[in-house]
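Please open the model in your viewer, show it as a cartoon, and keep the selection tool at hand. The tour goes from one selection to the next and says at each stop what is there.

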Amino acid sequence: MNRRSENGMQKSLQTLDLQSQLLTLLSISPVAKDALVLMAVCVNSSWKIPCGYFFVDGLSGSERANLVKTCIKKLNDVGVDVVSLTCDGPSCHFAMLKALGACLEPGTLQPYFSHPMDPKKNVARHLSYVGENTLGEKHILIDKDGEKICWDYTVALEKLQNKEGLRLDNKLKLAHIKWWQQKMKVNLAAQVFSSSVANAIEYCNKELKLPQFQGSEATVKLIKLFDGLFDILNSRNPCAKGYKAPLLVANKSVWDPYLDNAYNYILGLKSADGQLMHTTRRKTGFIGFLAAVKSIKAGQFHELVERAEAPMKYLFSYKFSQDHLELFFVQSDQQEASTTTQPPGSLHQHISACS
């Protein structure tokens with residue numbers, strides 16, 4: 001046997017050994033249940049790009065924090081300055097944010113952590129927020145003045161509109177009432193917490209004087225407040241007016257006190273048994289709002305827009321939304337649905353195509 005044949009056989013044996021090791025590893029490794037995807041969204045331009053993905057069966061908060069730090073470092077290496085981190089609210093992400101250095105306790109809320117590559121800089125953190133399911137589940141909340149906020153008024157409005165066959169200038173449908181069937185659709189919450197729904201309930205109470213809407217003043221107040229808050233935290237149109245306008249130095253006198261008022265209002269919300277909502281098991285949405293408000297007020301707007309030599313003239317708060325990642329998942333699902341088979345690497349192929 002010549003040397004070339006010996007080398008070829010040795011390589012074949014090494015390949016078989018590697019394959020055997022991989023098969024052994026796969027046989028003892030748990031099947032992945034989730035895909036952890038990291039995406040970069042540019043705040044001063046229009047691009048966004050997935051940076052990496054990990055098929056996991058579960059990761060600890062510290063492990064997730066290490067992945068985030070690695071991603072921030074790699075982005076920094078190519079000249080991208082990471083100013084914010086957005087995620088949803090499972091307990092593992094609370095642990096991740098704590099490991100990164102943020103504090104999510106409302107009494108000592110610190111919605112930022114030190115930049116891994118420059119400790120003098122802070123990375124603000126945003127938590128996705130949805131409040132419709134909390135009110136829908138609890139049915140009754142108590143505001144800081146002791147007034148009752150009732151989900152039943154929203155249900156009564158949907159029933160009335162369905163019975164009469166018309167809507168009082170709002171998008172309220174049965175899907176909004178049965179929110180638990182579509183928990184991930186943030187637009188449903190935005191449509192419930194809209195001024196059009198609040199105005200309709202108020203009209204039924206004050207003008208039509210319908211008994212099922214009596215005492216709805218506190219509910220109307222909450223809906224209107226969250227409607228304005230949604231607008232401020234989702235600004236995306238440079239030509240928009242009012243609370244939907246981009247965050248500017250010129251209109252800070254409009255949105256800044258509104259955020260202060262909303263922050264204090266949310267802090268005072270209680271469950272029917274008197275427990276502050278941001279301390280209950282349904283706290284995620286409320287802490288998400290508090291963190292988003294404080295992130296903008298505690299320095300994000302100042303660093304990006306307000307200070308001397310700031311890199312931006314205005315800020316689109318929608319850039320910090322998780323919608324960008326949700327839309328990416330929708331596109332991925334649509335791509336998979338368009339094929340007769342779904343290969344294991346379909347997510348990889350979609351990310352490669354987006355890149």
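This is a predicted model, and the tour starts at an open sheet of three strands, whose order is 7-6-8 and whose pairing is antiparallel. Select residues 148–150 for strand 7 and residues 270–271 for strand 8, and you have the edge strands of this sheet, each of which pairs on one side only.

Next, add residues 140–142, which make up strand 6, and follow the three bridges that join strand 6 to strand 7 as the two run antiparallel. To look at one residue pair within this pairing, show I140 together with C150, its bridge partner in strand 7.

Now move towards the N terminus and select residues 34–41 and residues 48–56, which are strand 1 and strand 2, paired in the antiparallel sense over eight bridges. Between these two strands the chain passes through a hairpin of six residues, which joins strand 1 to strand 2. If you then display V37, you will find Y53 of strand 2 standing opposite.

For the last stop, switch to a surface view and select R167, K171, K173 and K244, which gather there in a patch of positive charge. Where along the chain does K244 lie? Colouring helix 9 (217–232) and helix 10 (252–267) will show that K244 is in the loop between them. Is K244 buried or exposed? The answer falls in between, because K244 has a relative accessible area of 49% and therefore counts as partly exposed, the exposed class being reserved for values over 50%.

Definitions and conventions
Residues numbered from 1 in each chain as written. Predicted model: local features only at pLDDT ≥ 70, side-chain atom pairs only at ≥ 80, totals over all residues. Heavy atoms only, no water. Pairing = 2+ DSSP bridges. Helix = DSSP H or I, 4+ residues; strand = E, 2+ residues; numbered from the N terminus. Patch = residues over 30% accessible without salt bridge, like charges linked within 9 Å, V, L, I, M, F, W, Y side chains within 5 Å. Areas by Shrake-Rupley, 256 points an atom, 1.4 Å probe, with all protein chains shown as cover. Salt bridge = Lys/Arg side-chain N within 4 Å of Asp/Glu carboxyl O. Lys, Arg positive; Asp, Glu negative; His and termini not counted. Charge placed at Lys NZ, Arg CZ, Asp CG, Glu CD. Buried < 20%, exposed > 50% of the residue type's maximum accessible area, 1.4 Å probe, protein only.
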